[in-house]
Amino acid sequence: MNVMEKLKSINAEKRIADFMVKQKQPYEFKKSYAYKRAYEFIDECEKRDLNYHVSVGGLDSIALYIFLQSIGIKIPGISVSYLEDKSIRAVHKQLGIISLKPLKKENGKPWRKVDVIEKFGFPVLSKEIASKIETLQNPTPDNATVRHAIITGETGDYGGNRTGSKMKLAQRWLELFGGSENENEGVCYQCAKFKVSAKCCYYLKEKPCDDWAKENNSVPFLGLMASEGGRRAKTLMINGCNYFGKSKIRSAPFAIFNRQDLLQLVLELNVPVPEIYGTIQKKTDGTLYTTKAQRTGCDMCGFGIQLEKRPHRFDRLRESNPNAWNFWMYRMGWGEVLDYIGVEWRPEKYKQVSLFEMEGAI
Ligand code: SF4
């Protein structure tokens with residue numbers, strides 16, 4: 001069965017349409033929906049003799065942890081806290097979140113960000129784009145069909161023989177990263193001098209959590225929201241809040257929430273907001289927003305960097321930790337990566353832009 005047939009057999013289109021109807025419901029509906037799904041999940045886990053926990057990172061999952069507690073589901077929260085901003089770590093500590101140790105390499109030493117970048121490549125653009133570039137940079141006979149789809153959008157038999165599919169990498173990135181397929185595809189793209197990879201999160205975050213879950217016979221509640229987009233959004237829409245698959249079991253009670261719902265819940269439950277987000281304020285039209293970071297991740301993560309305005313996360317890192325900034329930009333090569341994808345990062349340029357903007361504003 002190819003991908004299209006599989007999607008048809010599970011009625012994916014209808015599932016997505018139903019999910020989108022729920023996303024448009026008012027806040028109170030979504031909150032009680034989350035309540036019901038969370039209890040359904042633990043009922044099913046009890047039947048299967050499984051424990052359950054919350055995987056905690058930034059504000060979304062901190063809010064989930066507190067929400068579950070508020071409805072009587074008092075369970076452990078786990079996190080690879082050392083990767084998070086120090087204000088997030090402080091909140092984790094305050095809440096008693098279990099801090100997981102990093103994964104060990106074969107030589108017994110822990111995987112650090114530098115190791116992952118050196119071995120696999122830079123986490124840049126987005127998980128989905130990085131994973132496609134990684135495939136192009138690591139050609140094997142087995143991934144030939146996928147590489148062809150990434151360059152052309154033609155999916156072959158397994159992908160239902162579609163043309164113009166979303167598998168095609170955006171032209172902008174093909175121009176910069178598609179060069180390894182020039183001969184095969186008769187195209188004329190460039191090759192980057194550095195490696196790109198989507199494996200960083202897996203080694204630094206996902207695997208330690210998966211290992212803990214296995215050791216504790218436990219399955220996770222996750223703070224995912226389909227409205228945040230990314231490659232997991234569609235799967236979330238198709239599989240819904242609770243998913244009991246062969247190799248994956250998880251609950252995402254906030255799946256139908258949007259940012260506004262989340263922030264409203266944070267205010268309602270008095271969730272501690274880590275300093276990195278600032279405070280939650282209301283615009284004149286009633287829209288809630290956080291005064292500092294909207295989303296967080298590791299300070300040197302390149303996912304989404306091309307979408308940020310200055311001062312972007314690397315600028316903020318320079319202000320908060322100039323030594324770390326110097327290390328990442330010059331010694332680890334982030335500066336070269338950002339230059340290549342056309343993201344400004346040099347402080348001089350930033351100052352020029354700021355002055356220019358200020359003059360324009362006067
Ligand atoms: S958020 Fe970015 S830097 Fe952090 S583990 Fe994931 S990919 Fe790596």
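Leaving aside neighbours within four places in sequence, which residues is His53 in contact with?

**Figure 1. Surroundings of His53 in strand E1.** The model is predicted: local features need pLDDT of at least 70, side-chain atom pairs count only at pLDDT 80 or more, and totals for chains, interfaces and linings use all residues. Residues are numbered from 1 along each chain as its sequence is written. Outside four places in sequence, His53 is in contact with Ile75, Pro76, Gly77, Ile78, Ser218 and Pro220; contact requires C-beta atoms, placed from the backbone, within 7 Å of each other. With 19 other C-beta atoms within 10 Å, His53 is partly exposed. On that scale a residue is buried if 20 or more other C-beta atoms, placed from the backbone, lie within 10 Å of its own, exposed if 12 or fewer, and partly exposed in between. His53 and Asn216 lie 163 residues apart in sequence, but their C-alpha atoms are 9.6 Å apart in space. Helices (H or I, at least four residues) and strands (E, at least two) are DSSP runs, numbered from the N terminus.

**Figure 2. The largest nonpolar core.** A nonpolar core is a set of buried Ala, Val, Leu, Ile, Met, Phe, Trp, Tyr and Cys residues joined through C-beta atoms within 7 Å. This one has 40 residues, of which Ala63, Leu64, Phe254, Ala255, Leu262 and Val266 touch the most other members. Elements that each supply at least two of its residues include helix H3 (27–47), helix H4 (59–70) and helix H13 (259–268). The largest share, 7 residues, comes from H4. Not counting residues up to four places away in sequence, Val266 touches Leu59, Ala63, Val271, Val273 and Ile280. A second, separate core has 38 residues, among them Met167, Cys200, Met300 and Trp345.

**Figure 3. Residues around the ligand.** The shell consists of Leu83, Pro123, Cys200, Cys201, Leu204, Lys205, Gly297, Cys298, Cys301 and Phe303; a residue is included if its C-beta atom, placed from the backbone, lies within 6 Å of the ligand. Helix H11 (residues 200–215) gives the most to this shell, with 4 residues. By class the shell has 8 nonpolar, 1 polar and 1 charged residues. Ala, Val, Leu, Ile, Met, Phe, Trp, Tyr, Cys and Pro count as nonpolar, Asp, Glu, Lys and Arg as charged, and the others, Gly among them, as polar.

**Figure 4. The two sides of helix H15 (residues 322–331).** Trp325, Trp328 and Met329 are buried in H15. They cover an arc of only 90 degrees around the axis, and therefore lie on the same side of the helix; the arc is that of the directions from the helix axis to the C-beta atoms. Asn323, Tyr330 and Arg331 are exposed on the other side. The buried residues of H15 pack against helix H14 (313–320) and helix H16 (334–341). Gly333, which follows H15, has a positive phi near 90 degrees.

**Figure 5. Backbone geometry in three loops.** Most residues other than glycine have a negative phi, and most peptide bonds are trans. The peptide bond from Arg310 to Pro311 is cis, with omega near 5 degrees. Pro311 is in the loop between strand E10 (302–303) and H14. Asp49, in the loop between H3 and E1, has a positive phi near 60 degrees. Asp49 counts as exposed because it has 7 C-beta neighbours inside 10 Å. Asn217, in the loop between H11 and E5, has a positive phi of about 45 degrees. Asn217 is also exposed, with 11 other C-beta atoms within 10 Å.

Definitions and conventions
Two residues are in contact if their C-beta atoms, placed from the backbone, lie within 7 Å.
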